[in-house]
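Student: I'm new to this structure and would like a close look at one part of it. Could you start me off in the core and then show me how the rest is put together around that picture?

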Amino acid sequence: MSYNATIEEENKEIANRYKNLLKGTYQTLSEDDKKLIRKAFDIAVEAHSEQRRKTGEPYIFHPIAVAKIVADEIGLGATSIAAALLHDVVEDTPYTIDDMERLFGENIARIVSGLTKISSLKKEQDYSIQAENFRKMLLTLHDDVRVILIKIADRLHNMQTMDAMPPHKQVKIASETLYIYAPLAHRLGLYNIKTELEDLGLKYTEPEVYKDILTKIKDSKEDQQKYINSFTGILKEALDKEGFNYDIKGRFKSIFSIRKKMQKQNVTFDEVYDKFAIRIIYEPTSGDEKFDAWKIYSIVTDFFKPNPARLRDWISQPKSTGYEALHITVIGPQAKWVEVQVRSERMDEIAEKGYAAHFKYKQNDVKENGLDGWLNRLKETLENQSINAIDFVEDFKLNLYAKEIYVFTPKGDLKSLPKNATALDFAFSVHTDVGLKCRGAKVNGKLVPLSHALKSGDQVEVLTASNNKPNVRWLDFVLTARARTKIKSALKAEEKIIAEEGKAILLRKLRHLKIGSGEKIIHELANYFGLKTSFDLFFRVGNGAIDNTQLKEFVAQRSGLIMGFIKSTFRRSPSKGFSEKEEVTHKYDALVFGKDEQTLDYTLAKCCSPIPGDKVFGFVTINEGIKIHKNDCPNAISLQSNYAYRIMPAKWIDSTKQDFTAILHLSGIDNKGIVNNITRIISNSMDVFIHSINISGDHGVFDGKLSLSVKNKAQLNKLIDNMKKLEGVQKVERVNTL
């Protein structure tokens, strides 16, 4: 539909929209507030006066709409409304951040700066501009959450008005929305906005599916309303009798959540049994909201039989988003399952408005709520600059959508963690040092591995050791962003130590081989081994992946006259791929399967064409062996739901950083403390882990086997030599089996 309006009509419409903005504000505005908003409005109108949206409408319609979402649906005050009106001024017009600070003060300038995208990056930086923009925006989260709230409002309005855009841009923007903005809205308690963002995201990423579900919802709406009326009619009499002032609403599940359920359970629309919920919103009568909620619960369960496994009590223990409610699933009329949500007016307002409503009710409550705690815990994750932007966004996203479990510390304190979090995640949630030094855990008094998945109600005790260090395998099973970030930082620090040792070893060996140790030689060596940085080279020498034999081969090849001539011709200009930066790059040259990281034959699936480094899984076919699919392959959900028993965990690895299992046979004279001395040598060796140990003594002699995880043969040989030096140890040899 084309846009046609005269300048006069446009000006009238702009004035009307501005009046509506002020009318619908959630918070009461003072005269100073109104002046601030008017000033921001006037500057925004003037700055955007020459601009039009893709639809042909004046551009100012967009900032007004964003400000209205900020005011009405999120419930923020004058500062945020003004910042929302100005959010595109610096990015799209000659105004600068300095102008914003001069005109509106530091607060609004900071918010507008957080909302202004990074327009470009240096080309040599291998970063995603979109990920860098996310990083910039997210870094303001702890200092001023309003930046994110306004950005979510901005994204919502863009999604609502995306019809005029070309299809490829629609898909790109919708995918970004589903990837980060909807989870962010969820995390900040903006459930209505989250639902709308998800549904609009589905509308543009899977239009046919969206239209099909929407049509079916519309067709069944009348029947649904009749059912809701029959259900609520039964309850009303009992609620009225108890003197409750209440409102009962029927709410259809969102299109996106119905689609998700259809995919997850592999069912049709008609087979999704809980497509709608009934919400009872009450005004407290006893002065105790909890008491009233449970009273309403008892009334509902007097009439309808509840499913005890589906009771969700978020009143006694609110979600970390701040959400509070009682959810009961009952068998209603016609033997249909119905979810009943019980909330007070205050709880409902927090569920609708999220973060902003918290502060309205929190003025006299000194106790930190879950959302503040989440923001505080997040600060260190957000400020970790050592990871690249894409990893940063991935790590941050981990904690956005996670369902929660509640576990107890040994002292009885309650901790909230994402569903499927492990004992190691719990250790990092207690303290970074506890996580890094964690060597085991007890769950409900029983010793469990660090990878043990926790369940709600577990009591967890962490066991630590001062000499314990994190290892790269931890990253395979931790779930929380905090744990991943801290492990990665610790591993990087460890890599630096190994690289320092490697540098010293390499320089010593090069002097011994009499070929010099200048920058040119280091450069040639890195190219010879296919590495990008000198740091990579030093690290691999330090961990033994590059040994004496390989260095001698390099020297032999270099000394050949013909090869020398070719090399000097090609290496007059330094290779572009080589740099000095401190980062161990992955070569992803091997694919391993299962917990034991076995190497097996495989073929790559043509449906998704995975490449080294992709997140993948193996699927055991009937005639063609193991096929490798990407985790986000179009066929992944179907394969994993229908043929779960044929799925094999798989991952790409850098073979120079892989662990190998070695089995050693030991024998000798049974001296006092011999086992202690053997295990001390192993624990003092960097990156060596014990899988199993079996040593028995018999009349003064001992015999046993050790199963170890080592990086390479050089490391293993060094370990064997150190064991042989122990008093009493007579024989140490490598064997094939336990």
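Tutor: Happy to. Let's start with L86: leaving aside residues up to four places away in sequence, L86 touches A40, I43, A44, M100, F104, I108 and V112. Keep in mind that this is a predicted model.

L86 belongs to the largest nonpolar core, a set of 61 residues. Along with L86, the residues with the most contacts inside that core are M100, I152, I193 and L197. So M100 turns up twice, once as a neighbour that L86 touches and once in this list of best-connected core members. Another core, of 38 residues, lies apart from the one with L86, and I278, Y297, I328 and M347 are among its members. There's a general idea behind this kind of grouping: in soluble globular proteins, nonpolar side chains tend to be buried together.

Now zoom out for a moment. The protein has 738 residues, and 46% of them count as buried. Its secondary structure comes to 28 helices and 20 strands. Take the contacts with a separation of 6 or more: 67% of them are between residues 24 or more positions apart.

For a look at how helices meet, try helix 21 (residues 481-512) and helix 23 (residues 534-542). They pack at an angle of about 85 degrees, and their axes are 7 Å apart. That angle makes helix 21 roughly perpendicular to helix 23. On the helix 21 side, the contact is made by E495, K496, I498, A499, G502, K503, I505 and L506. Helix 23 brings F535, L537, F538, F539, V541 and G542. Sort the residues of this contact by type and you get nine nonpolar, two polar and three charged.

Next, the sheets. One open sheet has four strands in the order 18-19-17-20, with antiparallel pairing. Strand 18 (689-698) and strand 20 (729-735) stand at the edges with a single partner strand each, so one side of each has no neighbour in the sheet. Ignoring direction, neighbouring strands here are turned by 15 degrees against each other on average. Inside this sheet, strand 17 (residues 660-669) runs antiparallel to strand 20, and six bridges join the two. To find one of these pairings by eye, look for H665, whose bridge partner in strand 20 is E733.

Helices lie against this sheet too. Helix 27 (residues 674-684) packs on it and touches strand 17, strand 18, strand 19 (701-710) and strand 20. The direction of helix 27 makes about 160 degrees with that of strand 18. Then there's helix 28 (residues 713-724), which lies across strand 17, strand 19 and strand 20 and runs at about 160 degrees to strand 20.

A second open sheet has three strands in the order 10-9-11, again with antiparallel pairing. Strand 10 (446-448) and strand 11 (460-464) are at the edges, and each has a single partner strand, so one side of each is left without a neighbour in the sheet. The twist in this sheet averages 35 degrees from one strand to the next. Strand 9 (residues 438-443) is joined to strand 10 by three bridges, with the two running antiparallel. Here K442 has L447 of strand 10 as its bridge partner.

Strand 12 (residues 590-593) is worth a stop as well, since it's covered on both faces. A590 and V592 are buried on one side, and L591 and F593 are buried on the other. Strand 12 pairs with strand 16 (residues 647-653) in the antiparallel sense over four bridges. In that pairing, L591 stands opposite W652 in strand 16.

Let's finish in the loops. V267 sits in the one between helix 13 (255-265) and strand 2 (276-283). It's partly exposed, with a relative accessible area of 21%. Not counting residues up to four places away in sequence, V267 touches K261, M262 and V272.

Two other loop residues have a backbone detail to check. Most residues other than glycine have a negative phi. N420, though not a glycine, has a positive phi of about 70 degrees, and it lies in the loop between strand 8 (414-418) and helix 19 (423-430). S609 isn't a glycine either, and its phi is positive at about 40 degrees. You'll find S609 in the loop between strand 13 (603-604) and strand 14 (616-620), where it is partly exposed with a relative accessible area of 48%.

Terms used. Residues are numbered from 1 along each chain as its sequence is written. This is a predicted model: local features need pLDDT of at least 70, side-chain atom pairs count only at pLDDT 80 or more; totals for chains, interfaces and linings use all residues. Side-chain values use heavy atoms; hydrogens and water are left out. A nonpolar core is a set of buried Ala, Val, Leu, Ile, Met, Phe, Trp, Tyr and Cys residues joined through side-chain atoms within 4.5 Å. Buried means under 20% relative accessible area, exposed over 50%, partly exposed in between (1.4 Å probe, protein chains only). Contact means heavy atoms within 4.5 Å. Axes are lines fitted to C-alpha atoms, for helices over the stretch in contact, and angles run from 0 to 180 degrees between N-to-C directions. Angles under 35 degrees count as roughly parallel, over 145 as roughly antiparallel, 65 to 115 as roughly perpendicular and the rest as oblique. Ala, Val, Leu, Ile, Met, Phe, Trp, Tyr, Cys and Pro count as nonpolar, Asp, Glu, Lys and Arg as charged, and the others, Gly among them, as polar. Two strands pair if DSSP finds at least two bridges between them.
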